[in-house]
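Grab your viewer and have a go at these exercises. Try each task before you read its solution.

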Amino acid sequence: MAEHATIPQIMKTCRVVLSPIVIVALFFAIFIITSARAHAAQATATAPASHAIVLHAARMLDVESGRITAPGEILVEGNLIREVGGKVSRPAGAEVIDLGDTTLLPGLIDAHVHLFLHPGAEDLQTVQESVPQRTIVATLAARDDLMGGFTAERDMGTEGAGSADTAVRDAINQGIIPGPRLRISGNAVNILGGHEDALGYNPEQRVLPNATYANNIPELITVIREQFKEGADFVKIYETGRDSVVNGRLATPYQYSEEELTAAVHEAARTGNRVAVHATGEPGTLYAARAGVESIDHAYQLSDETMRLMRDKQIFAVPTFTIAEYFEEHAASPAGAAHEHQLTEIHAQEFKKQLAAGVPIAMGSDVGPFPHGTQAREFVLMVKFGMTPLGSIQAGTINGAKLLGWQEQIGVLKPGYLADIVAVPGNPLDDITALQRVTFVMKNGVVYRK
């Protein structure tokens, strides 16, 4: 991360003395140079190796059962896993990669990322930085996430960059740039004056929101159709905000009625797609669950009825503890830090209730406002607040694959699954922080880090 952490600072410096065209050219040059270095250093390829690869490690984790196989081996041919076990076949000419005292497990899946955001003033960067600049930074973020072990992700809104994530996803799929498999939503959807509107600015400046306006059912349908036309894989809707704490309980206004959310879900389903919502509390979370969204992201406080519906309909809660921790540690004032701490305390208490109620959980970090590639911290915090190490790993593998619609393709190490594989030092069931120290990354049969 250190090599790329100063990119936004470079942008700020360049903006003073250079034209937008020169800035864009400069960033393309930076990207080409850094990508070339990465390819040379890590032998990154754009297609799976034609020869067989055998991965050997001290251990291999079956994320479904929690069983450890020691030693563990995986035979990869092309982009598929062919065998897994204590000892696998070695076809003629197979390359054997010995990963030493590590544990093999499926590639990690982050179900809530923002590739188009970076650390700094979140609202200002979306106003000051052009879409070309932000797209270039997004490509670097995608690479950093992949090198951190995240082989699949769901990008939850470009925060004002429109459908630019379509280009990033497609470039990754075409092998032009390295990055995770992506499900993208384009711009998120919001009401006038809502959570992601440009609040606090001089109204006469007409500062654009970080999401696309839709204020009623006809507008929702129009925006959803436009987003799918521009390449979105799903729709992200802001359902609640902003949050406050009143008498120790979360208070957050809803943005769309149950009827409006239901119309959005039906419109997305018409073309086989789904809706995810930013929703922290009641009654917006209940409206979302009744409407049948695919996930309720953040989910700070859920009623018993909401949790029952989420369990019965298999609607995922995506906790995003890491962003809350980061905002508390980097608050602009003691009052801001105290507010974030209150929200985290509420969320931690409610999270235990959600686990006890059987609400399905998918790992999602909200990375972007904090550095890309570091979001495995989310696993540590989920364990801190009540999950078992295995449960947290399942949230970031099996459940993530289900949420992204890639179950039976990724998320477990099985013959016939795509070869998305990582290795971490030691045993993550004994020390969940091992997931923050990924030492090997393979995606689609291609080795990106070893």
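What follows is a short set of exercises on a predicted model, each with a worked solution.

**Exercise 1. Work out the strand order of the six-stranded open sheet, and say which strands stand at its edges.**

Solution. Start by walking across the sheet: the order reads β3-β2-β7-β19-β20-β21, and the pairing is mixed. Next, look at the two ends. Strands β3 (68–69) and β21 (446–449) each have a single partner strand, so one side of each is left without a neighbour in the sheet.

**Exercise 2. Find the sense in which β19 and β20 pair, and the bridge partner of Val422.**

Solution. Take residues 421–425 for β19 and residues 440–443 for β20; the two run antiparallel, with three bridges between them. Then pick out Val422: its bridge partner in β20 is Val441.

**Exercise 3. Classify the ring pair of Tyr254 and Tyr287, and place both residues along the chain.**

Solution. The model has six aromatic pairs in total. For Tyr254 and Tyr287, the centres are 5.1 Å apart and the planes make an angle of 85°. Since planes over 60 degrees apart count as edge-to-face, that's the label for this pair. Now for the placement: Tyr254 is in the loop between β15 (249–251) and α7 (258–270), while Tyr287 belongs to helix α8 (residues 284–291), 33 residues away. As for exposure, Tyr254 has a relative accessible area of 42%, so it's partly exposed.

**Exercise 4. Which residues do ring pairs link into a cluster, and which ring does the charged end of Arg154 sit over?**

Solution. The cluster is made of Phe321, Phe351 and Phe385. The charged end of Arg154 lies over the ring of Phe234, at 5.4 Å from the ring centre.

Conventions. Residues are numbered from 1 along each chain as its sequence is written. This is a predicted model: local features need pLDDT of at least 70, side-chain atom pairs count only at pLDDT 80 or more; totals for chains, interfaces and linings use all residues. Side-chain values use heavy atoms; hydrogens and water are left out. Two strands pair if DSSP finds at least two bridges between them. Helices (H or I, at least four residues) and strands (E, at least two) are DSSP runs, numbered from the N terminus. Rings of Phe, Tyr and Trp (its six-membered ring) pair if their centres lie within 6.5 Å; planes under 30 degrees apart count as stacked, over 60 as edge-to-face and the rest as tilted. Buried means under 20% relative accessible area, exposed over 50%, partly exposed in between (1.4 Å probe, protein chains only). A charge sits over a ring if NZ of Lys or CZ of Arg is within 6 Å of the ring centre and within 35 degrees of the ring normal.
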